Amino acid sequence: MASIRKRKNSYLIRISCGYDTNGKQIVKYMTWKPDKELTAKQAEKEAVRQAVIFEEQCKNGMTGTHKSIKFADFCTMYLEIKRNILAPRTYEYYNNLINNLIVPVLGNIKLSELKTTHIQQFIKYLQSSNNNSPATIKRKLAVLQSILKQAVKLDIIESSPANADKLTLPKTVTPKTEIFSKQEAAEMLACLEHEPLQFQVLIHLAIMTGCRLGELAGLKFRDIDYQVNKITVERSAYKLSGQPIATKAPKDNDIRTITVSGHCIDLIKLLKAEKTEQAIIMGKAWHNGDWLFTQKNGDIIYPQTLSKQFSKFLERNGLKHRKFHSLRHTSATLLLYGGINLKQVQERLGHGNISTTNKYLHCIAEADEEAAVVLQNMLITKKHIEKIETGTEQTG
């Protein structure tokens with residue numbers, strides 16, 4: 001366990017590393033000085049983080065000279081640092097990718113000897129697999145870049161050999177943001193009339209709030225303020241392999257309150273009454289967790305189940321297939337169409353950075369261009385018909 005002591009403008013961190021062959025305790029020290037910009041509270045928090053990192057360095061024999069550290073050993077340390085920083089599903093992805101791909105390919109190389117040529121060979125290795133599109137390669141490379149960036153932060157290496165400007169990367173095409181048009185959204189809502197009430201509430205809330213799938217799955221009835229038509233989003237449901245469904249704070253820890261329509265609130269009231277009735281019928285078999293969206297026994301529903309239900313709904317009604325996340329894109333775009341400013345849309349959707357919200361402006365621009373083409377075609381067609389009716393149409 002690390003010991004941290006404040007000393008004027010710095011912190012003294014003490015780590016016990018066990019005992020030597022003579023039974024003498026091995027203790028290692030480091031001094032950490034916080035940036036002047038940090039508040040006292042931020043400095044204390046960062047000192048704790050630095051102590052954890054130092055302790056991991058000691059554990060893995062990474063203090064003093066770093067020349068002998070294998071990349072695989074540093075990956076272990078990296079994952080420990082990131083364990084409570086990354087979102088659970090992101091951490092699971094990183095852990096699997098590092099242990100099943102990155103370490104087997106690069107793990108035996110010493111960290112200090114890892115060069116850009118090794119990284120380029122890694123990219124070539126990824127390209128040799130038919131399962132890796134340019135976008136997939138970029139996503140996997142980003143994990144490797146994150147590992148090496150951490151090594152730079154810890155002063156283990158001077159610069160990252162995986163900097164993008166040093167590498168030749170496969171060209172990627174930015175995927176088009178899929179949205180449902182206003183007409184498609186209206187048609188979708190009309191098709192909901194014959195669907196189960198729980199599914200109706202799900203789709204209405206998805207379009208009205210723009211919430212992520214996990215955030216919707218994590219909603220409880222106590223999150224609803226029926227008096228002022230507001231919903232508080234304070235958790236997100238997720239599922240890791242081999243583990244039960246769990247919840248965490250929303251992405252970027254953005255707990256937010258969203259105003260919805262009176263119609264949405266009415267539907268939620270009906271759903272609450274339906275759940276109460278189900279609980280009475282099932283008795284002790286009902287697991288009351290206060291969830292809006294449940295399995296048959298009242299347990300929280302799997303987010304992936306909601307996604308599958310949406311796909312089947314689109315197919316059943318002859319609607320164009322799009323991912324559930326398109327409903328979030330649609331909500332944002334419709335708000336911007338309606339004149340809501342970018343900052344308000346950012347806050348409503350819970351974007352940590354307004355640049356993420358900016359991408360929806362492209363959707364509006366594309367739709368505007370499409371509208372111009374439609375109008376042009378309509379006018380040309382009208383003019384063409386008039387020529388035929390007046391007999392002035394020329395034939396070749």
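The expected span of a helix is 1.5 Å times one less than its number of residues. With that yardstick in hand, the helices of this predicted model can be taken in turn. Helix 2 covers residues 71-82, and its 12 residues reach 16 Å from the first C-alpha to the last, close to the 16 Å expected at 1.5 Å a residue. Of these 12 residues, 9 are buried, so helix 2 is largely enclosed by the rest of the structure. The buried set consists of Phe-71, Ala-72, Phe-74, Cys-75, Met-77, Tyr-78, Leu-79, Ile-81 and Lys-82.

Helix 7, at residues 197-209, passes the length check as well: its 13 residues should span 18 Å at 1.5 Å a residue, and the end C-alpha atoms are indeed 18 Å apart. Helix 7 is mostly covered, with 12 of its 13 residues buried. Among them are Leu-197, Phe-199, Val-201, Leu-202, Ile-203, Leu-205 and Ile-207, and the list also includes Gln-198, Gln-200, His-204 and Thr-209. Just after helix 7 comes Gly-210, which takes a positive phi of about 70°.

Helix 11, at residues 326-337, can be described along similar lines. For its 12 residues a span of 16 Å is expected at 1.5 Å a residue, and the end C-alpha atoms lie 16 Å apart, in agreement. Because 10 of the 12 residues are buried, helix 11 is largely enclosed by the rest of the structure. The buried residues include Ser-326, Arg-328, His-329, Thr-330, Ser-331 and Thr-333, together with Leu-327, Ala-332, Leu-335 and Leu-336. Helix 11 is followed by Gly-339, whose phi is positive, near 95°.

Turning to the strands, an open sheet is built from 3 strands in the order 1-2-3, with antiparallel pairing. Its edges are strand 1 (3-7) and strand 3 (25-32), each of which pairs on one side only. On average, neighbouring strands of this sheet are turned by 25° against each other, direction ignored. Strand 2 (residues 10-19) pairs with strand 3 in the antiparallel sense over 7 bridges. For anyone tracing this pairing on screen, Arg-14 stands opposite Tyr-29 in strand 3.

A further antiparallel pair is made by strand 5 (residues 230-233) and strand 8, joined by 4 bridges. The bridge partner of Lys-230 in strand 8 is Thr-259. In a regular strand the side chains alternate between the two faces of the sheet. Strand 8 (residues 256-259) shows such an alternation: Arg-256 and Ile-258 point to one face and are buried, whereas Thr-257 and Thr-259 point to the other and are not.

The surface offers a few details too. A nonpolar patch is formed there by Ile-4, Val-48 and Val-52, which together have about 220 Å² of accessible area. Val-48 belongs to helix 1 (residues 40-59). With a relative accessible area of 45%, Val-48 is classed as partly exposed, because that class runs from the 20% limit for buried residues to the 50% limit for exposed ones.

Thr-305, located in helix 10 (residues 303-316), is likewise partly exposed, with a relative accessible area of 29%. Gln-295 is 10 residues away from Thr-305 along the chain, and the C-alpha atoms of the two residues are separated by 9.5 Å.

Key. Residues are numbered from 1 along each chain as its sequence is written. This is a predicted model: local features need pLDDT of at least 70, side-chain atom pairs count only at pLDDT 80 or more; totals for chains, interfaces and linings use all residues. Side-chain values use heavy atoms; hydrogens and water are left out. Helices (H or I, at least four residues) and strands (E, at least two) are DSSP runs, numbered from the N terminus. Buried means under 20% relative accessible area, exposed over 50%, partly exposed in between (1.4 Å probe, protein chains only). Patches are made of residues with over 30% relative accessible area and no salt bridge: like charges are joined within 9 Å, nonpolar side chains (Val, Leu, Ile, Met, Phe, Trp, Tyr) within 5 Å. Accessible areas come from the Shrake-Rupley method with a 1.4 Å probe; for residues, only the protein chains shown count as cover. A salt bridge is a side-chain nitrogen of Lys or Arg within 4 Å of a carboxyl oxygen of Asp or Glu. Two strands pair if DSSP finds at least two bridges between them. Axes are lines fitted to C-alpha atoms, for helices over the stretch in contact, and angles run from 0 to 180 degrees between N-to-C directions.
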